[in-house]
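This report is written for someone meeting the structure for the first time, and it moves from strand pairing to the core and then to the links between side chains. Please keep the sequence and the model in view while reading.

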Amino acid sequence: MDINTMKNIILLSSLILLSACSTQKETPNGASQWDFDHQIQFKQTDLENGKHHLQVIAKQNTEFSKLATFLMRRSLRICKSYGFKIEVLEGVERFDDKLSFPNMIMPSLSANIECPAAIK
């Protein structure tokens, strides 16, 4: 085998590997997902056109402020613009919860999100 053929084989192999890595598998509606950047587990369910349910799953070592920030940022990503409406259903932590109930298991932060196009 000559050097040009070897280079072509390596180039072709690299392109095949890169294309395999770039394909994204669609996540089923409501399935548990993991955000590697923020180390947060969440479930996103598309309810109807412009309306979504987002559950940010609470872990023992994840602070509420991180969950709430993720909820806001994910809502913006879902709607692709500002003006969205968030209806919090459960999981809001009070300031004194950790002091009053140090071993309490907090529920996941759960909210419905309505994008601006769906708001009437």
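Which residue in β5 is the bridge partner of His53? The bridge partner is Asn112, and this pair is a convenient place to start reading what is a predicted model.

**His53 and its surroundings**

His53 is found in strand β3, and with a relative accessible area of 19% this residue is buried, because the cut-off for that word is under 20% relative accessible area. Besides the bridge between them, the side chains of His53 and Asn112 are joined by a polar contact of 2.9 Å, while the backbone oxygen of Ala111 lies 3.4 Å from a polar atom of the His53 side chain. When residues up to four places away in sequence are not counted, His53 touches Lys43, Gln44, Thr45, Leu47, Leu89, Ser110, Ala111 and Asn112. His53 and Glu114 are 61 residues apart in sequence, and their C-alpha atoms are 8.8 Å apart in space.

**How the strands pair**

Strand β3, which covers residues 51-57, has 5 of its 7 residues buried, so the rest of the structure largely encloses this strand. On one pairing, β3 and β5 run antiparallel and are joined by 6 bridges, and here Leu54 stands opposite Ala111 in β5. On another, β2 and β3 pair in the antiparallel sense over 7 bridges, with Phe42 standing opposite Val56 in β3. The hairpin of β2 and β3 has 2 residues between the strands, and in this hairpin Gly50 takes a positive phi near 80°.

Strand β5 also pairs with β4, residues 85-90, in the antiparallel sense over 5 bridges, and in that pairing Lys85 has Glu114 as its bridge partner in β5. Like β3, strand β5 is given as enclosed to a considerable extent: β5 is mostly covered, with 5 of its 6 residues buried.

**The nonpolar core**

In soluble globular proteins, nonpolar side chains tend to be buried together. In this model the largest nonpolar core has 14 residues, and those with the most contacts inside it are Leu54, Val56, Leu71 and Cys79. At least two residues of this core come from each of β2 (40-48), β3 (51-57), α2 (64-79) and β5 (109-114), and the largest share, 5 residues, is supplied by α2.

Leu54 offers a way to see these elements come together. Leaving aside its neighbours within four places in sequence, Leu54 is in contact with Phe42, Lys43, Gln44, Leu71, Arg74, Leu109, Ser110, Ala111 and Ile113.

**Links between side chains**

The structure holds 2 salt bridges and 1 disulfide. The table sets out these pairs with their distances.

| Pair | Kind of link | Atoms compared | Distance |
|---|---|---|---|
| Lys51 and Glu48 | salt bridge | N to O | 3.7 Å |
| Glu114 and Lys85 | salt bridge | N to O | 3.6 Å |
| Cys79 and Cys115 | disulfide | sulfur atoms | 2.1 Å |

What parts of the chain does the salt bridge of Glu114 and Lys85 link? The pair links distant parts of the chain, since Glu114 is in strand β5 and Lys85 is in strand β4, 29 residues apart. The two ends of this salt bridge differ in their surroundings: Glu114 is buried, with a relative accessible area of 15%, whereas Lys85 is partly exposed, with a relative accessible area of 44%. In the other salt bridge, which Lys51 makes with Glu48, Lys51 is partly exposed at a relative accessible area of 28%.

Cys79 and Cys115 form the disulfide, and with -85° about the S-S bond their link is left-handed. This pair, too, links distant parts of the chain, with Cys79 in helix α2 and Cys115 in the segment after β5, 36 residues apart. Both cysteines, Cys79 and Cys115, are buried, and Cys79 is also among the residues with the most contacts inside the largest nonpolar core.

Key
Residues are numbered from 1 along each chain as its sequence is written. This is a predicted model: local features need pLDDT of at least 70, side-chain atom pairs count only at pLDDT 80 or more; totals for chains, interfaces and linings use all residues. Side-chain values use heavy atoms; hydrogens and water are left out. A nonpolar core is a set of buried Ala, Val, Leu, Ile, Met, Phe, Trp, Tyr and Cys residues joined through side-chain atoms within 4.5 Å. Buried means under 20% relative accessible area, exposed over 50%, partly exposed in between (1.4 Å probe, protein chains only). Helices (H or I, at least four residues) and strands (E, at least two) are DSSP runs, numbered from the N terminus. Contact means heavy atoms within 4.5 Å. Two strands pair if DSSP finds at least two bridges between them. A polar contact is a pair of N or O atoms within 3.5 Å; within protein, one must be able to donate a hydrogen and the other to accept it, and residues adjacent in sequence count only if both atoms are side-chain atoms. A salt bridge is a side-chain nitrogen of Lys or Arg within 4 Å of a carboxyl oxygen of Asp or Glu. A disulfide is a pair of cysteine sulfur atoms within 2.5 Å.
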